[in-house]
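Hi there,

Here is the structure I promised to pass on to you. Have a look at it first, and then read my notes underneath.

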Amino acid sequence: MRTIGVVSVGRSDYSYYLPILRRIQAEPELRLCLIVGGMHLSPEFGLTVKEIEVDGFLINERVEMLLSSDTPEGIAKSIGLGVISFGQVFAHQRLDLLLLLGDRFEMLAAATAMLPFAIPMAHIAGGEATEGLIDEAIRHSITKMSHLHFVSTARYRERVVQMGEEPWRVIVSGAPSLDNLREIPLLSFDETERRIGVTLKPAPVLVTFHPVTLEYGDTSVHITELLAALDDASLPVLFTYPNADTQGRIIIQQIDRYVSARNASHVVTNLGTQAYYSLLRYAAAMVGNSSSGIIEAASFELPVVNVGNRQKGRAHGRNVLDVPCERAAIVSGIRKAVDPEFRRSLAGLQNPYGNGSAAEKIVQVLRQTPLDRNLLVKTFYDMPLAGVG
């Protein structure tokens, strides 16, 4: 039996992992070792470890690594604590392969800790671009540490190969979060209202706004511009909290203050996967800078106002309207997004991140790939240079 370690550090990666975790559990030749840390264990971010337990997964290890500080120094110290803590886990868990996702600093800590153990790593969502974030460097770093790559699109595969990864290691799987749309029954309108405790008539704008970590000094300005635009738009608003990024608590404080003064605005710390996807079906639009607006929203033909530079460089569907983080531009984007004519224009939209069959491809590769020296020892792949010999 092959033991697959999976590291989950927050609500965003868990929804990606969910269909993969279920398939690993169903495979008689695979054993799941689930390692949970980061925001999952923090009451401030909804203590989302409870959602994992409700879904019936055994949590093999819990990794405490987040400091209460969200300053650059605090984030750096959290990374260091994470390396130590994950290293202790890997020293006594007998893993055959470690599966990581994306670009969070907590994932960087896990990947760094695994390097001395000479255990192969598989990485999901490499080759993507988020030019406004430290996540950009983290994602590419984890790519170079990893031995198998599951990417969302053919373009992202080209980028990973361009980084020197041998083509046989890079598999176009699509985004596994889209598998949830086929496997998780969505709630009805009334059930969604009861689950989140907020009226959906009229349909609210769903807002998720994270810090732009390469511009963290401007976080207060960014959230002020966004909230002013939401005031000007005069629509009901439902907020979800940001991730544990640099200066994220500034956003949380501003959101709480905004909601306390406006009856038509609400905030939910953690919706859970089923309620969140159900809400995408009933929301008027999505506003902010969440990767969910780039990836999942297209499957619901949901208009998205993508604010600022956090997701700059990522491929997206025509449901996404890119605007700078400026009050007037955001208002203009919201008004276009909620225009019925724009919504109708999205009928039949194809999601560039796949059709919801990623987990099957990923788990098949995890089960069948020989875990030998050929996998572990990487050769840098030199691409032919245009116009050279």
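Below is what I found, going from the cores to the helix pairs and then to a few single residues.

Please keep in mind that this is a predicted model.

**The cores**

I started with the nonpolar interior. In soluble globular proteins, nonpolar side chains tend to be buried together. Here the largest nonpolar core has 91 residues, and F86 and L99 are the ones with the most contacts inside it. Helix α4, residues 105–114, gives the largest share of this core, namely eight residues. Which residues does F86 touch, leaving aside its neighbours within four places in sequence? The answer is V7, I35, V63, M65, E106, A109, A110 and A113. Another core, of 34 residues, lies apart from the 91-residue one, and L227, L230, L321 and L346 are among its members.

**Three helix pairs**

Two packed helices are described by the angle between their axes and the distance between the axes. Three pairs are worth opening in your viewer.

The helix α4 that feeds the largest core also packs against α5: their axes come within 10 Å and cross at roughly 20 degrees. Angles under 35 degrees count as roughly parallel, so α4 is roughly parallel to α5. The crossing of these two is left-handed. On the α4 side the contact is made by F105, M107, L108, A111 and T112, and on the α5 side by I138, S141, I142 and M145. Sorted by class, the residues of this contact are seven nonpolar, two polar and no charged.

Next come α9 (residues 219–233) and α10 (residues 248–260), which pack at an angle of about 25 degrees with their axes 9 Å apart. That angle makes α9 roughly parallel to α10 as well. Their crossing, however, is right-handed. From α9, the residues T219, S220, I223, T224, L227, L230 and D231 meet I250, I251, Q254 and Y258 of α10. This contact divides into six nonpolar, four polar and one charged residue. You may recognise L227 and L230 here, as both belong to the 34-residue core.

The third pair links helix α1 (residues 11–26) with helix α15 (residues 358–368): the axes come within 9 Å and cross at roughly 45 degrees. That makes α1 oblique to α15, and the crossing is right-handed. P19, I20, R23 and I24 of α1 make the contact with A359, E360, I362, V363 and L366 of α15. By class, there are seven nonpolar, no polar and two charged residues in it.

**Backbone points to check**

Most residues other than glycine have a negative phi, and most peptide bonds are trans. Three places in this model go the other way.

- K201 and P202 are joined by a cis peptide bond, with omega at about -5 degrees. P202 is in the loop between α8 (189–196) and β8 (205–208).
- A125 is a residue other than glycine with a positive phi, near 80 degrees. The loop that holds A125 runs between β5 (121–124) and α5 (135–145). Is A125 buried or exposed? A125 is buried, with a relative accessible area of 7%.
- E301, again not a glycine, has a positive phi near 55 degrees. E301 sits in the loop between α12 (291–295) and β12 (304–307). E301 is partly exposed, since its relative accessible area is 28%.

**Two more buried residues**

S292 is in helix α12. At 7% relative accessibility, S292 counts as buried. Apart from neighbours within four places in sequence, S292 is in contact with Y276, L280, M286 and A297.

G38 belongs to the loop between β2 (30–37) and α2 (49–54). G38 is also buried, with a relative accessible area of 5%. Not counting residues up to four places away in sequence, G38 touches V9, V63, M65, L66 and E106. V63, M65 and E106 also appear in the list of residues that F86 contacts. In addition, G38 and G82 are 8.6 Å apart in space, C-alpha to C-alpha, while 44 residues separate them in sequence.

Happy to talk any of this through whenever it suits you.

Best wishes

Technical notes
Residues numbered from 1 in each chain as written. Predicted model: local features only at pLDDT ≥ 70, side-chain atom pairs only at ≥ 80, totals over all residues. Heavy atoms only, no water. Axes fitted to C-alpha atoms, helices over the stretch in contact; angles between N-to-C directions. Helix = DSSP H or I, 4+ residues; strand = E, 2+ residues; numbered from the N terminus. Parallel < 35°, antiparallel > 145°, perpendicular 65-115°, else oblique. Left-handed = near helix turned anticlockwise from the far one by under 90°. Contact = heavy atoms within 4.5 Å. Nonpolar A, V, L, I, M, F, W, Y, C, P; charged D, E, K, R; others polar. Buried < 20%, exposed > 50% of the residue type's maximum accessible area, 1.4 Å probe, protein only. Core = buried A, V, L, I, M, F, W, Y, C linked by side-chain atoms within 4.5 Å.
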